[in-house]
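User: I would like to learn how to read the surroundings of a ligand in a model. Could you take me through it step by step?

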Amino acid sequence: MAKSKSALVTNTVKINDRCQLVNLRLNNETEFSYAGGKYIIVNSGIEIAPEKTAKRAYSIIKKEGDNVLLSALQLKDGVGSQFINKLVVGDEVPFSGPWGKLTLQKDHSHHQIIATDTGISAALGLVTSNEIQPYLSKSKLFWFRPETNQFLSDNFVLETLPEGLGDVTIQSIAEINDEERQGQAQEIANHIHREAGTHYYLVGDGHMVLTIKDKLISLGVTEEQISMEIFFNKPAKP
Ligand SMILES: Cc1cc2nc3c(=O)[nH]c(=O)nc-3n(C[C@H](O)[C@H](O)[C@H](O)COP(=O)(O)OP(=O)(O)OC[C@H]3O[C@@H](n4cnc5c(N)ncnc54)[C@H](O)[C@@H]3O)c2cc1C
């Protein structure tokens, strides 16, 4: 079983009614094997079944020294997202991790990070990481979110980006679970510049991420060139 650790809330910043940024300070003795793109699993302590508490994954937007920044989009009746959005300075947050496979693939020279919705948190983790620094000018970030987005604001995202990032695109798409998203995912994949030596990082809505992946593969990109993390709309396990 994963070892439970704990961090202290040292700051919160309200972005809007459904989202606050939470700064956690790690105990300096806590083992924390970080790389940009990773997430932690927060244990809310809220019982959702006998002897089962709600544990949810939240990606690290950035890490500076012992401080990690994360954020959750408040979902209606969502236990985990409500827990994050109610945290106040001084709270202790039990967690495990960091975990994740969406980390920088240094065997590629170019990096294209394609995030939808809340997937921008992991995308920011990647572009603010130390590992990406030598590749920054050859890295591009795409963020697709609905017009009504209530997660991190465009301004926050733009202000968080490191200087020297190759390119950034923020574009509106249909609402989550709208049928139009399938066609939009195909279009996104068609327009992504394909270049030898590029690694693609897909993160966010499973319906879109999987469509983009399939389309990229049909256009000649290999499985090895793609890393993927699905935040929601995961396909059911066979
Ligand atoms: C690797 C990973 C990293 C993640 N990082 C973040 C993060 O940085 N910020 C963040 O807000 N969430 C993130 N999530 C999603 C998060 O773990 C929870 O699933 C989410 O907060 C909902 O939990 P809940 O207990 O509030 O609601 P639940 O009752 O568990 O979820 C309700 C339903 O909403 C779906 N859902 C989850 N996320 C969304 C969304 N963005 N939009 C619409 N529906 C959704 C769930 O799949 C579920 O069907 C991440 C998920 C994964 C797997």
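User: Which oxygen or nitrogen contact does a polar side-chain atom of Ser 121 make with the ligand, and at what distance?

Analyst: This is a predicted model, in which local features need pLDDT of at least 70 and side-chain atom pairs count only at pLDDT 80 or more, while totals for chains, interfaces and linings use all residues. Residues are numbered from 1 along each chain as its sequence is written, and side-chain values use heavy atoms, with hydrogens and water left out. A polar contact with a ligand is a pair of N or O atoms within 3.5 Å; here a polar side-chain atom of Ser 121 lies 2.8 Å from an oxygen atom of the ligand. Ser 81 also places a polar side-chain atom 2.5 Å from a ligand oxygen atom, whereas Ser 59 uses a backbone N or O atom, 3.1 Å from an oxygen atom of the ligand.

User: Where does the ligand lie with respect to domain 1 and domain 2?

Analyst: Domain bounds come from an automatic or database domain assignment. Because domain 1 (5-99) and domain 2 (110-232) both give residues to the shell around the ligand, the ligand lies between them.

User: How many nonpolar, polar and charged residues does the shell around the ligand have?

Analyst: Ala, Val, Leu, Ile, Met, Phe, Trp, Tyr, Cys and Pro count as nonpolar, Asp, Glu, Lys and Arg as charged, and the others, Gly among them, as polar. By that scheme the shell has 12 nonpolar, seven polar and three charged residues.

User: What is the value of omega at the peptide bond between Gly 97 and Pro 98?

Analyst: Most peptide bonds are trans. The bond joining Gly 97 and Pro 98, however, is cis, with omega about 5 degrees.

Terms used. A polar contact is a pair of N or O atoms within 3.5 Å; within protein, one must be able to donate a hydrogen and the other to accept it, and residues adjacent in sequence count only if both atoms are side-chain atoms.
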